[in-house]
Amino acid sequence: MDYSLLQKKEAVPEAASMIETFRAIGYNLETAVADIVDNSISAGAKNIYIDRIWDGGKTIITIKDDGCGMSGGDIVEAMRPGAQNPLETRSANDLGRFGLGMKTASFSQCRKLTVISKKVGYHTAYWTWDLDYVAMTHKWELIRWAPNSYTNVLDKQKSGTMIIWNDLDRVIPPTTSANDITAKQKFSDAWARVKSHIAMTFHRFVEGNDVKIYWGENTIDAWNPFCLSEKKTQIFPTETLYFGNNKTEVKGYILPHKNNFSNEENYKRAEGINGYPASQGFYVYRGKRLLLAGSWLNLFRKEDHYKLVRISIDLPNTLDSEWQIDIKKSTATPPLSCREQLRSYALDVRNKGMEVYRHRGKILKKKAGENFQPLWLEKKKGNKWSFVVNRENQLIKDLQEEAKNNPAPAINKLLRIIEESIPTPTIYVKQSSEEELQKEPFSDMDMSLVKDMLRQSYDNQLKAGLTSKQAKAILKTIEPFNNYEELIEEL
Ligand SMILES: Nc1ncnc2c1ncn2[C@@H]1O[C@H](COP(=O)(O)OP(=O)(O)OP(=O)(O)O)[C@@H](O)[C@H]1O
Ligand SMILES: [Mg+2]
C-alpha cells in the first residue's frame, strides 16, 4: 500500500483509560510479583529481596535486586509501556518478551509504581507511575517521587533496582486500618501463597545457585515439583520434539505413593500450593523459568488417579509465539503440530502413574513365580471386569475347612475378612476409568444357586410360622433376592 497518498489522523491512546485497562490483564498477587522477579533475574541479579511492610491500606511491597540497574534515562524508557517490540529477538536468558510486564503486573495490584535504580557510574535515580496523577492529568507522565525513606536504599550497592508498590488497592482496601486483624490475616495468607509461588516458579534458578531470593530475612527454598530426591520417584526418558530447529523437551515423573515417600513431611511438602489432585499435569518451563504449573493443556481432564503424574516441558524463548506465551507468563498453548506427540507421551506416563496410585491394588495381581496369595483377584469375563475373593488363598481354604465342623465362627471370620479387605481404592480407580466395562452386580450369578438360597430362606420363614404370602413379601425386601421377584413368585 502506498501510505504517502493517504490522509492521516493521529489516534493516541487516552492515558487515563488506557492505564486503567492495563490493570485488567488478569494477574494475581503471586503472578505479579513473579513478573517483577523475572526482570531482576534478567538484569543479572544474584540476590533478590522481597518484602512487605504491613500498614493496613498503606502497606508497601518492595522487590530489590543487585542486578545491573538503570540510569534515570533507562528508568524512563523502562516505564514506557511497550518499550520493546515483542517481535525482537531476546537473549536466551532474558525472561522478558513484551516490554510490558513491570507496568501491567504492578498496576494490577497497586496505584503507585516506583522504580529506584542505580547503574554503575550513575547516581541513584527514581521515577513513579501514579495512576491517580494520570487519571487527573490524562497525560502519560511520570512523577519524580519515591516514598521518603526509600530514596537511599541502594546507597550500599554498586548497582541494583528496587521496585516499590504503594496504594495496593487491589490487595488491601485503601481504608483498612493497620490494626485490622482479619485484614492482616487475609494479607498474610495471600503473601504466603506468593512465597510458595516464587519458590516454585524460580526453583531452577535457586537450585542452580544462580540467585538467592530473600523473603524478609530468610532465603526461599526451592520447590521442585518432581521430588527428585525421593528414591521412589519414577523418571521417564526425555522425549525431544522439534519445531523447525527449536527443540522442546518433555520428561515424565511419577511421584511415589504416599506410603513410599521418605517421610510424611516430604509427602506433604510435595503436594504444592493447590494440593495433589490440582498439581498433576504438565509443567511448562521457558528456559529455567516455570510458566505454567500443573495443567493438562486441554489434552486431558484432571482426575484423582493421575494425581501423582507430573511432566515437564522445556521451551526455548524462541518458541514464545508458537506456544502463545501471554504477558503474564502464566499460560501457554501447545502448537497443533506437537499436541499429538505430547498426548501420546503423556498417556504412557499417566498409565504408569495410575498404577502407582493403585499401589494397594497392585498386590491384587497374582504375580507369576511369587508365592504371594492375595485375598482379592481382578476378574475379567469377556470385556467386563469385577473383583472376586481368591478361593485359592490358604486362609479362605482353612475357613472352608473350619466351617465343616464349626460353621458359625467360620462364617463370621470370613465376613470380617471380606469387610476389612475390600479393595476400595482399586475399584474406585477402575470404575472411574472403565465404568462402562464394570460387570453388573449379579449378572453372572449361577441361577440354581440363587434358587437354592431362596428356597432355603423361604422354608425358614414358613417354619417360623409365616404364611407363604408373608414369606414372599419379606424375601422381596432382602438384598440380593429383591433382584429376583419372578423366582420368588414361582416358589
Ligand atoms: N530490576 C531491573 N533491573 C534492570 N532493568 C530492569 C529491571 N526491571 C525492568 N528493567 C528494564 O525495564 C524493561 C521493561 O521491563 P518490563 O518488565 O516492563 O518488560 P520486559 O521485561 O522487557 O518484557 P515483559 O513484558 O515480557 O516482562 C526491561 O526490559 C529492562 O530493560
Ligand atoms: Mg519483564
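How far does a polar side-chain atom of Asn 39 lie from an oxygen atom of ligand 1? I looked that up before anything else, keeping in mind that this is a predicted model. The distance comes out at 2.8 Å.

**Ligand 1, polar contacts**

I went on to the backbone. A polar backbone atom of Gly 101 is 2.6 Å from an oxygen atom of ligand 1. For Met 102, I again found a polar backbone atom, here 2.9 Å from a ligand oxygen. On its own, ligand 1 has 580 Å² of accessible area, and the protein covers 87% of that.

**Ligand 1, surroundings**

I checked which pocket holds ligand 1, and it is the second largest. Two elements, α2 (29-42) and α4 (101-109), each give two or more residues to the shell around the ligand. I count 19 residues surrounding ligand 1. The closest are Arg 97, Leu 100, Gly 101, Lys 103 and Lys 329. So Gly 101 turns up both in that closest group and in my list of backbone contacts. By type, the shell splits into 6 nonpolar, 7 polar and 6 charged residues.

**Aromatic pairs**

I searched the whole structure for aromatic pairs and got 14. I picked out Trp 129 and Trp 140 for a closer look. Are their rings stacked or edge-to-face? The ring centres are 6.1 Å apart and the planes stand at 80 degrees, so I noted the pair as edge-to-face. Trp 129 belongs to strand β4 (residues 125-130), while Trp 140 is in the loop between α5 (131-137) and β5 (160-166). The two are 11 residues apart, and the pair links distant parts of the chain.

**Backbone oddities**

Which residues does a cis peptide bond join? I found Glu 479 and Pro 480, with omega at about 5 degrees. Pro 480 sits in the loop between α15 (468-475) and α16 (485-490).

I also flagged Cys 227, which has a positive phi of about 50 degrees although it is not a glycine. I placed Cys 227 in the loop between β7 (218-219) and β8 (234-235).

Key. Residues numbered from 1 in each chain as written. Chains lettered and ligands numbered in written order. Predicted model: local features only at pLDDT ≥ 70, side-chain atom pairs only at ≥ 80, totals over all residues. Heavy atoms only, no water. Near = heavy atom within 4 Å. Polar contact = N/O pair within 3.5 Å; in protein donor to acceptor, adjacent residues only side chain to side chain. Areas by Shrake-Rupley, 256 points an atom, 1.4 Å probe, with all protein chains shown as cover. 1 Å grid on protein atoms, 1.4 Å probe; cavity = no way out; pocket = protein on both sides within 12 Å on 5 of 7 lines; lining within 4 Å. Sits in = over half its atoms within 2 Å of the grid points. Helix = DSSP H or I, 4+ residues; strand = E, 2+ residues; numbered from the N terminus. Nonpolar A, V, L, I, M, F, W, Y, C, P; charged D, E, K, R; others polar. Phe/Tyr/Trp six-rings, centres within 6.5 Å; stacked < 30°, edge-to-face > 60°.
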